[in-house]
Amino acid sequence: MEKRVSSIAGSPSPKTQLDELSFWQYSPESWNLHMPRYRLLFPFRSIDYNAEILDIGSGPRSVFEEVAPAVAKITACDTLAEQYNQLLKVKRFPIVAKVPKKRFALITMFNMIDHMDDPEELLAQMSEHLDDNGRLWLYVDLDRPWDKSKHPQCFRFWQVAPLMQQFFTITACGLDSEAPNLNAFWCICKPKANREMPTLWWSTKLGVIYGRNFIRRVYLAIMRRLVFARTNATRLPR
Ligand SMILES: C[S@@+](CC[C@H](N)C(=O)[O-])C[C@H]1O[C@@H](n2cnc3c(N)ncnc32)[C@H](O)[C@@H]1O
């Protein structure tokens with residue numbers, strides 16, 4: 001097992017963390033905002049809750065609070081653990097600031113690798129904590145749709161599969177659109193294997209989906225304009 005056991009890997013800057021904390025202080029009820037998307041994309045029903053699960057970058061309350069049964073062994077981990085435990089005191093899985101020295105059957109990284117300066121460092125650390133038969137689920141926004149202060153990373157569709165395949169082997173991945181102008185990358189990974197689908201395959205697949213989404217958006221924007229123009233024309237005084 002790796003010597004380093006702190007979730008400080010990933011180096012989120014103090015400024016990023018401060019802005020992050022302000023967001024959650026302002027809207028703590030958003031802790032499960034994206035859960036409907038995660039539930040659509042990831043096989044939550046297949047989780048073995050007797051096994052160890054790590055939710056890294058959990059935010060003030062882990063999304064597993066919503067789905068996990070009483071027996072679940074969830075480690076919710078976040079660099080702002082202390083502040084989050086103060087902010088939302090009632091929770092089944094208190095947030096911890098350090099990754100325990102063990103391996104996990106499932107590691108989830110939801111909406112978090114764009115919130116730090118060195119995601120590679122954290123992915124390397126997570127690869128040390130993933131069980132030989134374990135799975136890692138990752139979800140991250142593309143093209144930085146939100147403010148730079150909380151999101152130092154701006155991932156593009158062609159960067160994410162190569163990044164993940166440096167440390168893991170992708171078994172499934174795709175793009176998600178939570179809102180019409182949003183693109184997010186999701187993937188399910190296993191530990192790095194000798195044989196894997198070439199990264200180029202995944203990047204090409206993502207490129208096709210990205211292009212298709214783009215064309216659909218442009219088409220919808222044009223249709224909206226046409227309908228708008230027609231409605232206004234019929235309203236003109238004669
Ligand atoms: C937008 S929140 C995600 C919350 C939750 N996972 C979700 O999907 O709703 C991102 C979280 O990642 C945390 N974070 C940033 N860098 C981190 C790191 N290197 N290790 C652990 N947590 C980190 C931030 O403190 C923040 O709470």
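What percentage of the 238 residues in the protein do buried residues make up? I began with this, keeping in mind that I was working from a predicted model, and I found that buried residues account for 33% of them.

**Overall layout.** I next went through the secondary structure, which comes to seven helices and seven strands. Reading from the N terminus, I noted the order of elements as α-α-β-α-β-α-β-β-α-β-α-β-β-α. For the dimensions I took the C-alpha trace, which spans about 75 × 45 × 35 Å along its principal axes. I also looked up how far apart in sequence the contacting residues lie: among contacts between residues at least 6 apart, 69% join residues at least 24 apart.

**Strand E5 and its partners.** I then turned to strand E5, which covers residues 130–141. Nine of its 12 residues are buried, so I recorded the strand as largely enclosed by the rest of the structure. Looking for its pairing, I found that E5 runs parallel to strand E4 (residues 104–110), with six bridges joining the two. Within this pairing, I noted that Leu106 stands opposite Arg135 of E5. I followed the chain from E4 to E5 and saw that it passes through helix H5 (residues 119–129), making a β-α-β crossover that is right-handed.

Which strand do six bridges join to E5 in an antiparallel run? I found this to be strand E7, residues 184–191. As a single pair to look at on screen, I wrote down Tyr139, whose bridge partner in E7 is Trp186.

**Trp146.** Continuing past E5, I located Trp146 in the loop between E5 and helix H6 (157–167). Is Trp146 buried or partly exposed? I counted 13 C-beta neighbours inside 10 Å; since a residue is called buried only at 20 or more and exposed at 12 or fewer, Trp146 counts as partly exposed. I also checked Trp146 against Leu182, and the two are 36 residues apart in sequence while their C-alpha atoms are 10.0 Å apart in space.

**Ligand surroundings.** Last, I looked at the ligand, and I listed 22 residues surrounding it. The closest of these are Gly10, Gly57, Gly59, Phe110 and Met112. How many residues of each class does the shell around the ligand have? Sorting them, I arrived at 10 nonpolar and 10 polar residues, together with two charged ones.

Definitions and conventions. Residues numbered from 1 in each chain as written. Predicted model: local features only at pLDDT ≥ 70, side-chain atom pairs only at ≥ 80, totals over all residues. Helix = DSSP H or I, 4+ residues; strand = E, 2+ residues; numbered from the N terminus. Contact = placed C-beta atoms within 7 Å. Near = placed C-beta within 6 Å. Nonpolar A, V, L, I, M, F, W, Y, C, P; charged D, E, K, R; others polar. Pairing = 2+ DSSP bridges. Right-handed = clockwise from strand over helix to strand, strands pointing away.
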